[in-house]
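Got your viewer open? Let's walk through this one selection at a time.

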Amino acid sequence: MPYQLENRPPDLRESMYFPEIIRGIGTITKHFLKNLFFSRDANPDILARKRGGFGHSDNVTLQYPEERAPYAPAYRGLHRLVPREDGKPRCVACYMCATICPAQCIYIEAAEYPDDPVEKYPAKFVIDELRCIVCGFCVEACPKDAIRMDSGEHTPPSYERSAQIWDEKRLLRGPPVSYQYDPWLRRGSPSIPPDKLEEMRARAKPFPTVATDEASQTPGFSVRALAAEARDRAQAARK
Amino acid sequence: MSEAKGVGGIDPRATPGSAGAGERPPVGTLAPAGEGELYAPMPSKHMVINLGPSHPAMHGVTRAVVELNGEIIEEMKLDIGFLHRGFEKSCENVTWGQVFPYTDRLNYVSSIMNNVGFALAVEKLAKLDVPERAKYLRVITSEIHRICDHLTLVGAMAMELGAMTVFLYGIEARDLLWDRLAELCGARLTSNYARIGGVARDMPEGWQEKTLKVMDRVVAIREEIGQLLNRNRIFIDRCRNTGKVSREDALELGFTGPCLRASGEPYDVRKAAPYLVYDRLDFDIPVGSNGDNFDRYLMRMEEMRQSDKIVRQCFEQMAPGEIIVQDFRYALPPKPLVYGTIEGVMAHFKLVMEGIKIPAGEVYSYTEAANGELGFYVVSDGGGRPYKLGLRAPGWPMLAALPVMTKGSLLSDLIPTFDSINMIGGEVEQ
Amino acid sequence: MAEEKKPDAAPPKPPGPPAPPPPKNPGFVTAIVDGKEVVVKPGTTVIEAAKAVGIDIPYYCYHKRLSIAANCRMCLVEMSNAPGGKLMPACQMPVAEGVTVKTDTPRVKDQQRATLEFLLLNHPVDCSICDQAGECKLQDYYMAYDRQPSRLDVPKVMKGKRVELGPTVTLDQERCILCTRCVRFMREVAENPQLGVAQRGNESFITTFPGQPLDDKYAGNVVDICPVGALTSTDFRFRGRVWFMSSARSICTGCARGCNTFLDYLNDVTYRYRPRENDAVNEEWMCDDGRTSYKYLNAGRVLVAREGRGANAQPLPRKVAPRRAAEVLLPHVAAGSLAVLLSPVASLEDLLVACKVAKEGLKVAEVYAGGRADGWQDDFLKRADENPNRKGLELAAAAYGLAVRPFADLVAAAGAGKVKALWAVGTEVPDAKAAEKLGALEVVAQSYGDTALAQHATVLLPASPHSEMDGTFVNFEGRAQRFEMAYFPKGESRPHWALAAELGAALGLPLAFASGREVFAALGPQLGAALGDFAWDSLASTGKRLGIVPLAAGTVDGRLPGNRDRVPSETTEDYRRAMSRTS
């Protein structure tokens with residue numbers, strides 16, 4: 001039901017300026033005192049942190065760059081090429097990410113493994129991070145879970161444009177990921193010693209039956225944990 | 001005063017300060033002081049000043065050439081196009097699914113509403129029905145972004161009238177909401193959340209509780225902002241009875257959305273032509289009476305209240321289910337199928353290489369965005385790329401009406417007027 | 001007299017079935033396919049009849065130039081004359097008079113889905129690494145006719161993954177759907193049955209005889225006819241994705257047959273040739289040598305004009321080069337010690353302008369024909385003459401009244417000292433050693449690549465091959481065939497006709513052409529009726545396919561998208577600094 005807005009001119013009390021101004025000052029003084037002595041941030045992530053106690057303002061200023069704001073698992077950050085257990089990239093240079101990227105910032109050159117059952121790998125995988133619009137389509141388009149944007153940071157700043165062009169050596173980092181149906185685990189690979197193959201098969205993630213975050217994120221790899229570790233390191237350095 | 005037209009249609013013969021004198025002396029002559037006059041009229045002309053394009057109050061980048069008679073705006077000419085990036089043409093170059101990042105950057109303060117608007121247009125053309133849970137998710141995220149948009153407007157409006165504190169309170173509230181959306185969509189601003197046939201991701205664990213807590217906090221902040229501004233004489237004096245648009249004028253000028261409702265016409269697309277799940281939700285339409293800046297400001301505050309109501313109802317009504325249509329013609333197959341089955345990976349490849357094949361035809365689909373009626377006119381030729389996209393930006397009629405709204409008012413009234421129509425450069429100039 | 005016993009009269013014949021009604025169109029067969037009436041010659045299969053009215057019936061094993069196998073079961077349709085109401089393979093059944101064929105009933109659709117499901121049961125999850133993605137019939141038909149998720153819950157059959165069948169073809173036995181097109185092609189078209197099916201049932205796979213390679217000269221065609229990614233080209237393997245590539249309609253320059261090709265390119269690199277259908281010239285096939293004959297378009301190209309030989313070579317600015325060339329040649333024009341060497345690899349337009357300049361600017365009476373040396377010949381496609389335009393050279397020379405002499409004569413004349421300067425339009429010569437002897441002359445050479453003769457050039461002008469211009473080749477039968485431009489000339493190279501026109505202008509002839517079309521319009525009439533009814537616009541306007549073109553213009557500072565030319569790996573200070581962060 002439509003209802004009318006309260007658009008009325010100021011009455012006598014309000015026309016005298018000061019009552020309302022005092023009321024406003026009261027509001028912001030309340031905030032001032034809260035800031036000074038108590039925590040005021042209502043972000044549930046911040047509230048969940050250990051509070052500082054009376055007299056210690058739980059100031060929510062993060063000491064960047066030693067402390068970082070934790071990224072949510074789904075929050076898109078800088079790309080990484082996901083490695084396998086044996087250090088090679090999971091990427092098979094299928095060009096899906098290069099095709100779907102709306103900014104056309106991915107350049108790939110494929111090459112062949114002479115012996116690995118997967119056959120194809122990227123000899124060159126270059127992302128121009130300056131052109132990237134951080135849309136996450138490359139992650140959606142990858143049929144091998146080979147590229148993720150879960151590195152918990154955005155592109156670090158640099159003085160030259162060329163430093164923002166990330167090639168496969170810089171992109172290949174982070175915890176490895178394996179699934180039980182991966183061909184190098186099913187058929188074996190020359191780069192995996194046979195005694196370790198069974199152990200890797202046992203460690204690999206099972207065939208996911210439902211498409212959740214768990215299917216595309218590595219359990220145990222927590223950006224919050226990384227941020228906490230960085231904070232501890234910074235604190236230790238300050239002591 | 002329209003006989004002699006100088007540069008920009010400005011009359012070089014106009015003189016100020018001669019109110020009540022009757023005949024205006026021509027430029028260049030010094031008339032002697034008449035009986036009872038305290039001063040002799042000096043020859044002068046209107047001042048033409050340039051507001052923008054780089055100007056804190058010119059949202060987006062807009063240039064306004066204002067002809068001033070002292071402090072009174074005689075005429076105003078708008079110069080836009082500084083943010084034109086060729087959205088409509090760029091979208092002809094990409095597949096249907098790749099259009100979503102472009103739509104993100106239209107109304108960049110409430111990007112999910114652009115995503116959803118475009119997705120609805122394409123689904124209308126393909127006659128595709130979206131799963132229930134996806135509809136609810138779209139409504140929830142749209143309304144949260146509507147709250148963000150209104151917070152931005154209220155904050156910016158207050159800041160430009162001098163109330164810096166309110167701006168920061170608004171930003172705090174907006175930031176809390178953005179953090180929640182970052183957990184859901186993957187980005188705070190450029191959300192890229194809707195897909196053809198549904199949405200991209202489902203709610204993470206615990207997201208609903210967190211969001212409700214955050215929305216409580218946003219309500220508290222909104223109440224504080226109201227406390228600071230609603231009955232503040234300075235604010236009321238600046239905003240009340242300035243930038244007035246009558247109901248008939250608003251309809252003639254093509255206003256939609258909060259600006260139209262503030263002028264007295266209770267038209268809201270969510271009620272008039274309900275889409276998604278708005279017909280199942282209980283919310284009211286605030287309507288203004290005066291059509292001035294203060295009404296438009298109050299309108300935004302009340303709409304935030306209604307959006308909050310909508311989101312809470314959606315959380316209650318939502319049931320578990322799929323978040324995207326399970327049809328390989330339109331949606332990428334779920335990742336387990338892509339990793340493990342040939343059918344999944346083939347469908348995935350075809351959709352990425354060639355794009356979703358939308359049947360040939362054309363359709364106009366409209367939704368209620370934060371600023372008004374956001375319309376997408378979509379033409380498909382049956383292939384995987386749009387043939388033509390046309391956009392009806394809700395901010396366009398209001399921006400175009402600005403010279404009418406500000407004619408004869410003071411220069412300082414231009415600022416709240418410009419703020420309250422919420423012109424977002426990204427959507428107006430595409 | 002005994003009565004002749006009449007043999008028992010055969011009982012009267014029972015009345016037979018009624019005679020079929022006379023055909024609706026005498027001499028033809030009339031049928032109804034999906035409600036549309038189609039009139040075809042007797043013996044036409046249903047699949048061809050349906051194509052004639054625009055109805056596409058899916059198929060894998062059928063190929064119009066091969067025998068019929070009908071083993072894929074994809075083309076099954078409802079026919080009113082089917083025995084027992086069964087679905088019949090449209091590729092095998094000839095059209096009968098008055099039959100009604102339905103290709104879009106639920107029964108047919110179920111059958112298509114079921115066939116695809118069975119074909120995909122053991123198909124490996126290889127799209128990401130398979131070169132056929134983008135031109136794979138399984139992908140296309142799956143999206144058009146199936147789209148059901150998999151119901152398989154057991155592991156798939158494993159077979160050989162990277163079998164090097166021969167020098168040009170790689171086989172992936174798991175991807176094969178056993179349509180046997182390759183087997184039938186080798187047996188019937190290449191007439192060299194090197195492929196066969198081994199084992200049976202689930203375990204069947206394609207293979208050669210044990211220990212024998214697939215080394216036929218036409219083996220590359222099995223890559224084209226294989227509907228899936230089982231047989232792939234070793235030369236093209238993993239070089240790029242086909243949906244990025246655009247196709248230009250071109251002619252193979254490997255021999256004088258002039259097989260019609262599609263030239264697949266991306267951003268001024270040619271990736272491969274595929275045969276284009278032309279019933280009169282090459283049907284739908286190409287030889288393997290022709291397939292790999294594109295390499296000179298990319299590698300070893302001369303892109304800047306230069307002057308001087310060996311260590312003295314200096315680059316020449318583009319505007320200066322024709323004047324320098326004219327300066328080198330002019331003294332010998334008057335003295336009559338100038339020879340003109342034309343290459344039959346150049347196009348007809350190139351040679352027409354060259355002949356005009358030779359006749360009227362350089363005042364010679366004869367031209368020498370270079371070209372690559374003769375190679376092997378067979379009775380199918382390949383000709384011994386490995387130059388695409390020798391006939392065109394002869395026609396162009398005849399049009400201007402110039403005699404054509406063989407290359408050996410030029411070597412002799414140079415050796416005898418009668419020729420002191422040479423203008424070479426194209427530097428392909430049959431004898432590289434002889435080119436050394438020509439090095440003693442003053443040579444102005446126009447060349448694509450850094451050949452032996454180009455290295456001895458006094459002035460070397462960079463030329464564009466057929467991928468970078470529009471033109472015509474005339475094959476050994478006298479058939480003129482158009483080819484179209486794929487990408488703009490690389491570097492500073494220009495087509496031979498442009499270089500020759502500039503040289504002519506520097507010599508005082510008023511020649512200026514903006515395109516191959518203008519050349520042919522201006523100089524083509526000199527040929528008279530030699531080309532028959534050839535028209536410049538004989539290439540149909542449809543047929544050129546554009547790939548997904550990257551966003552234009554590259555990055556802000558002019559690099560191509562993706563930084564093909566500047567990919568730093570470990571060199572910049574910032575990179576080192578970035579990698580040394582510990583968090």
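Which side chain of chain C does B:Lys350 meet in a salt bridge? Select B:Lys350 and look across to C:Asp140: their side chains form a salt bridge, with 2.4 Å from N to O. Keep in mind as you go that this is a predicted model. The count of salt bridges between chain C and chain B is 1.

**Stop 1: the rest of the B–C interface**

Now widen the selection to both sides of the contact. You should pick up 23 residues of chain C touching 19 residues of chain B. Together the two chains bury about 1800 Å², and 73% of that is on carbon and sulfur atoms. On the chain C side, highlight C:Val125, C:Met143 and C:Arg147: these lose the most area to chain B, together 28% of what their side buries.

**Stop 2: helix 5 of chain B**

Select residues 164–185 of chain B, and you have helix 5, with 22 residues. From first C-alpha to last, helix 5 reaches 30 Å, close to the 32 Å expected at 1.5 Å a residue. Step just past the end of helix 5 to B:Gly186, where phi turns positive, at about 105 degrees.

**Stop 3: the cysteines**

Back up one residue from there to B:Cys185. Is B:Cys185 buried or exposed? It's buried, at a relative accessible area of 4%. Its closest cysteine sulfur belongs to B:Cys148 and sits 10 Å away, so that is too far for a bond. Over all chains, in fact, the disulfide count is 0. Hop over to C:Cys255 for another unpaired case: the nearest cysteine sulfur, in C:Cys259, is 5.8 Å away, and C:Cys255 is in no disulfide. C:Cys255 counts as buried too, with 7% relative accessibility.

**Stop 4: colour chain B by confidence**

Chain B has a mean pLDDT of 87, with 90% of its residues at 70 or more. Then select residues 1–12 of chain B, where the pLDDT is below 50; this stretch has 18 contacts in the model beyond near neighbours in sequence. Residues 14–29 of chain B also stay under 50, and the model gives them 17 contacts beyond four places in sequence. Where pLDDT is low, don't read the predicted coordinates in detail.

**Last stop: chain A**

Switch to a cartoon of chain A and you'll find 10 helices and 6 strands. Of the 239 residues in chain A, 47% count as buried. Turn on contacts with a separation of 6 or more within chain A: 64% of them link residues 24 or more positions apart.

Note on methods. Residues numbered from 1 in each chain as written. Chains lettered and ligands numbered in written order. Predicted model: local features only at pLDDT ≥ 70, side-chain atom pairs only at ≥ 80, totals over all residues. Heavy atoms only, no water. Helix = DSSP H or I, 4+ residues; strand = E, 2+ residues; numbered from the N terminus. Expected span 1.5 Å × (residues − 1). Disulfide = S-S within 2.5 Å. Buried < 20%, exposed > 50% of the residue type's maximum accessible area, 1.4 Å probe, protein only. pLDDT = per-residue confidence, 0-100. Contact = heavy atoms within 4.5 Å. Buried area = accessible area lost by both parts, 1.4 Å probe. Salt bridge = Lys/Arg side-chain N within 4 Å of Asp/Glu carboxyl O.
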